[in-house]
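Hi,

Here is the structure I said I would pass on to you. Have a look at it first, and then read my notes underneath.

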Amino acid sequence: MDKLIKKAAQDLALAKNVVALTGAGISVESGIPPFRGKGGLWEKIDPMEYAHINSFMKDPVTVWNVLLKDMKEIIDKAVPNKAHKGLARLEELKKLTTIITQNVDGLHQLAGNSDVIEFHGNFVWQRCMKCNSRCKTSEVDLSCIPPKCTCGGIYRPDCVFFGEMIDPDHLVRSRQAASACDIMLVIGTSVIVEPAAYMPVIAKENGAKIIEINPEKTPLTNSISDYIVMGTAGHTLQNIVNQLEILIES
Ligand code: APR
């Protein structure tokens with residue numbers, strides 16, 4: 001792994017425009033479980049039954065009780081880990097420009113990154129399904145399920161449920177960022193949910209180098225990605241950034 005840590009630092013030292021695509025794995029060390037694999041949320045509950053817009057429309061009480069209340073508790077407690085801070089440092093070093101995240105936890109912004117495309121929305125906000133007004137999830141009164149807006153409308157998280165479209169602005173901006181970068185870091189994602197999973201392909205087609213950081217191989221490994229640094233995001237990114245800083249100073 002050390003050889004690949006050095007290689008990633010050397011590649012980043014030469015890079016001008018780095019974009020990161022992140023998934024649930026980058027927030028595991030902040031106490032937020034992934035969706036798939038060991039200990040994954042979808043191992044416990046069926047996403048098509050509890051995370052699909054049709055289920056929410058049909059029975060918001062159950063979706064709030066089974067999924068959203070737990071998500072609120074876990075996300076409220078979560079703080080950025082070494083991996084989030086590593087990406088913030090890469091921005092300070094004028095290497096990283098944009099993060100395309102599939103996560104709805106808001107931890108990249110808390111770590112200090114300024115250009116974060118929230119591809120699947122953000123759980124920090126709730127939106128009223130009647131008057132469309134927004135309020136902070138932390139201010140929503142959960143003693144009444146489903147939580148209600150003052151207009152009487154039901155609150156839903158400002159995230160993208162299965163069965164819903166990606167915000168067109170996020171799609172356009174992500175495609176632009178992917179086609180303009182010279183390195184795409186693909187961190188903590190199983191790269192199976194479209195259209196987010198297509199961003200590394202766009203980057204590759206436009207000549208970028210694809211570097212994965214994940215303790216497990218993904219469908220990109222040995223196909224689209226140039227190499228994978230197999231390890232947990234926090235430890236791995238911190239080591240890469242440390243190596244990069246040594247290179248920059250020398
Ligand atoms: N560091 C880095 N990667 C990790 C870590 C870690 N500490 N722990 C797990 N991983 C990796 C796993 O090996 C896996 O490849 O993170 C990935 C998590 O994959 P998923 O749980 O499928 O999460 P993600 O790819 O973000 O899912 C995409 O699916 O359910 C929907 O909308 C949801 O945004 C989500 C989308």
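Below is what I found, starting with the ligand and then going through the two sheets.

Before anything else, keep in mind that this is a predicted model.

**The ligand**

Which residues should you click on first? Of the 21 residues around the ligand, Phe 35, Arg 36, Trp 42, Thr 189 and Ser 190 come nearest. The shell as a whole is a mix: nine of its residues are nonpolar, nine are polar and three are charged.

I also looked at a few polar atoms facing the ligand. Ser 190 has a polar side-chain atom 2.6 Å from a ligand oxygen. Gly 188 takes part through its backbone, with a polar atom 3.3 Å from an oxygen of the ligand. On the nitrogen side, a polar backbone atom of Ala 233 sits 2.9 Å from a nitrogen atom of the ligand. As for how covered the ligand is, on its own it has 730 Å² of accessible area, and the protein covers 91% of that.

**The six-stranded sheet**

This one is an open sheet with parallel pairing, and its strands come in the order E3-E2-E1-E7-E8-E9. At the edges you'll find E3 (116–118) and E9 (227–229); each has a single partner strand, so one side of each has no neighbour in the sheet. On average, neighbouring strands here are turned by 20° against each other, if you ignore direction.

Zooming in on one pair, E2 (residues 96–101) joins E3 over three parallel bridges, and Ile 100 stands opposite Ile 117 of E3. Two helices are worth finding here. Helix H6 (residues 82–92) packs on the sheet and touches E1 (18–22), E2 and E7 (183–187), with its direction at about 145° to that of E2. Helix H8 (residues 168–180) lies across E1, E2, E3 and E7, and runs at about 135° to E3.

**The three-stranded sheet**

The other open sheet has three strands in the order E5-E4-E6, paired antiparallel. Its edge strands, E5 (134–136) and E6 (155–159), each pair on one side only. From one strand to the next, the twist averages 45°.

E4 (residues 121–128) and E6 run antiparallel and are joined by five bridges; in one of the pairings, Gly 121 has Cys 159 of E6 as its bridge partner. Helix H5 (residues 60–77) packs on this sheet, where it touches E4 and E6, and its direction makes about 125° with that of E4.

Happy to talk it over once you've had a look.

Cheers

How values were computed. Residues are numbered from 1 along each chain as its sequence is written. This is a predicted model: local features need pLDDT of at least 70, side-chain atom pairs count only at pLDDT 80 or more; totals for chains, interfaces and linings use all residues. Side-chain values use heavy atoms; hydrogens and water are left out. A residue is near a molecule or strand if one of its heavy atoms lies within 4 Å of it. A polar contact is a pair of N or O atoms within 3.5 Å; within protein, one must be able to donate a hydrogen and the other to accept it, and residues adjacent in sequence count only if both atoms are side-chain atoms. Accessible areas come from the Shrake-Rupley method with a 1.4 Å probe; for residues, only the protein chains shown count as cover. Ala, Val, Leu, Ile, Met, Phe, Trp, Tyr, Cys and Pro count as nonpolar, Asp, Glu, Lys and Arg as charged, and the others, Gly among them, as polar. Two strands pair if DSSP finds at least two bridges between them. Helices (H or I, at least four residues) and strands (E, at least two) are DSSP runs, numbered from the N terminus. Axes are lines fitted to C-alpha atoms, for helices over the stretch in contact, and angles run from 0 to 180 degrees between N-to-C directions. Contact means heavy atoms within 4.5 Å.
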